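Trainee: I should like a close look at a single part of this model, the central sheet, together with the elements around it. Please take me through it in one connected account.

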Amino acid sequence: MATILIRLAPELATKARGTRRRFQDQLVRNLRDALESAGVAASFRPRWDRILVDVEDAAAVHRIIRVFGVSGASQVDAIVPADVDAIVQVGRDLYADRVRGRRFAVRARRSGAVRLSTHDISVRLGAALNPGATVDLSDPEVEIWVDVRDGDALFYGERIPGPGGLPLGVGGRAACLISGGYDSAVAAWLMLKRGIALDYVFCNLSGE
């Protein structure tokens with residue numbers, strides 16, 4: 001079982017509370033449809049500014065990052081209580097081999113009513129990993145992310161970008177003319193990114 005952390009696109013996250021909730025619900029429906037169409041069973045745990053998805057195969061992240069409304073996604077390496085000592089211990093166990101002999105950086109973030117200091121997390125975990133590696137915050141070879149929220153700390157080491165935009169369907173429906181050139185396909189993609197569900201009209205302009 002793998003957990004995927006999904007970050008919402010800024011265009012979705014800046015909406016008013018009611019609109020944002022409606023758009024996020026649509027995004028979850030779109031994500032579920034994308035995974036089910038590939039035969040991937042998934043369990044969703046929506047949060048205010050993130051969505052956690054439990055899947056059997058971590059490769060599902062490559063379908064998730066194709067869904068409009070997703071800013072990016074990461075496979076979660078571990079989830080521990082939001083306690084600095086636990087974060088340092090688990091982070092050292094997870095990443096000591098990965099950073100050995102390389103330049104690395106610890107990126108800690110927090111959200112909500114969390115009393116932990118992200119600076120303390122970065123410094124203490126960085127010090128625990130420093131033997132055999134080099135801290136380099138400006139040009140690291142390895143980045144380690146610690147996302148603290150809702151009483152938990154989530155570890156991940158990769159941020160895969162998504163297409164952003166708005167969830168498909170929140171902008172209504174439209175018809176799109178598809179001809180033989182690439183411009184109509186690009187126009188369709190841009191409309192999809194604005195949340196418009198499309199019906200396609202295919203035109204054969206070059207004969208048989």
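Mentor: What follows starts with the chain as a whole, turns to the sheet, and then moves outward to a helix, two loops and a pocket.

The model is a predicted one. Its chain has 208 residues, of which 42% count as buried. The chain holds 6 helices and 12 strands, and its C-alpha atoms fill a box of roughly 70 × 40 × 30 Å along the principal axes. Among contacts between residues at least 6 apart in sequence, 74% join residues at least 24 apart.

The sheet is open and has 5 strands in the order S2-S3-S1-S4-S10, with antiparallel pairing. Its edges are strand S2 (42-46) and strand S10 (160-161), each of which pairs on one side only.

Strand S1, residues 2-8, pairs with strand S4, residues 70-76, in the antiparallel sense over 6 bridges. Two of the facing pairs give the register: Thr-3 has Val-76 of S4 as its bridge partner, and Arg-7 stands opposite Gly-72 of S4. On the side of strand S3 (residues 50-55), S1 is joined by 6 bridges, and these two strands also run antiparallel. There, Ile-4 has Val-53 of S3 as its bridge partner.

The burial of S1 deserves attention. Of its 7 residues, 7 are buried, so the strand is largely enclosed by the rest of the structure. In a regular strand the side chains alternate between the two faces of the sheet. In S1 both faces are covered: Ala-2, Ile-4, Ile-6 and Leu-8 are buried on one side, and Thr-3, Leu-5 and Arg-7 are buried on the other. Arg-7, the residue opposite Gly-72, thus belongs to the set with Thr-3 and Leu-5.

Strand S4 is mostly covered, with 5 of its 7 residues buried. Towards the edge of the sheet, S4 is joined to S10 by 2 bridges, and the two run antiparallel. Ala-73 stands opposite Ile-160 of S10 in this pairing.

From the sheet, the account passes to helix H4. H4 spans residues 84-99 and has a kink of about 40°, centred on Asp-93. At the N-terminal end, Asp-83 acts as a cap, with a side-chain oxygen 3.2 Å from the backbone nitrogen of Asp-85. After the helix comes Gly-101, whose phi is positive, near 75°.

The buried residues of H4 are Val-84, Ile-87, Val-88, Gly-91, Tyr-95 and Val-99. An α-helix has 3.6 residues a turn, so residues three or four places apart point the same way. That spacing can be followed along the buried set, for example from Val-84 to Ile-87 or Val-88, and on to Gly-91, Tyr-95 and Val-99. What covers these residues includes strand S5 (78-81), strand S6 (103-111), helix H5 (118-129), strand S8 (142-149) and strand S9 (152-156).

Two loop aspartates that involve S8 offer a contrast. Asp-136 lies in the loop between strand S7 (134-135) and S8. Asp-136 has a relative accessible area of 17%, under the 20% limit, and therefore counts as buried. Its side chain makes a polar contact of 3.3 Å with the side chain of Arg-103. Leaving aside neighbours within four places in sequence, Asp-136 is in contact with Arg-103, Phe-104 and Ala-105.

Asp-150, by comparison, is found in the loop between S8 and S9. Its relative accessible area is 55%, over the 50% limit, so Asp-150 counts as exposed. Most residues other than glycine have a negative phi. Asp-150 has a positive phi of about 55° although it is not a glycine.

The last region involves helix H2. The largest pocket encloses about 240 Å³ of space. Its lining consists of Asn-30, Asp-33, Ala-34, Arg-63, Arg-66, Val-67, Phe-68 and Leu-168. Helix H2 (residues 17-36) provides the largest share of that lining, with 3 residues.

Thr-19 also has its place in H2, and at 27% relative accessibility Thr-19 counts as partly exposed. Thr-19 and Val-170 are 151 residues apart in sequence, yet their C-alpha atoms are 9.8 Å apart in space.

Key
Residues are numbered from 1 along each chain as its sequence is written. This is a predicted model: local features need pLDDT of at least 70, side-chain atom pairs count only at pLDDT 80 or more; totals for chains, interfaces and linings use all residues. Side-chain values use heavy atoms; hydrogens and water are left out. Two strands pair if DSSP finds at least two bridges between them. Helices (H or I, at least four residues) and strands (E, at least two) are DSSP runs, numbered from the N terminus. The bend at a residue is the angle between axes fitted to the seven residues ending there and the seven starting there. Buried means under 20% relative accessible area, exposed over 50%, partly exposed in between (1.4 Å probe, protein chains only). Contact means heavy atoms within 4.5 Å. A polar contact is a pair of N or O atoms within 3.5 Å; within protein, one must be able to donate a hydrogen and the other to accept it, and residues adjacent in sequence count only if both atoms are side-chain atoms. On a 1 Å grid over the protein atoms alone, a cavity is a set of points where a 1.4 Å probe fits but cannot get out, and a pocket is an open set with protein on both sides within 12 Å along at least five of seven lines; lining residues have an atom within 4 Å of a point. Grid points are joined across faces, edges and corners, and a volume is the space filled by probe spheres set on the points.
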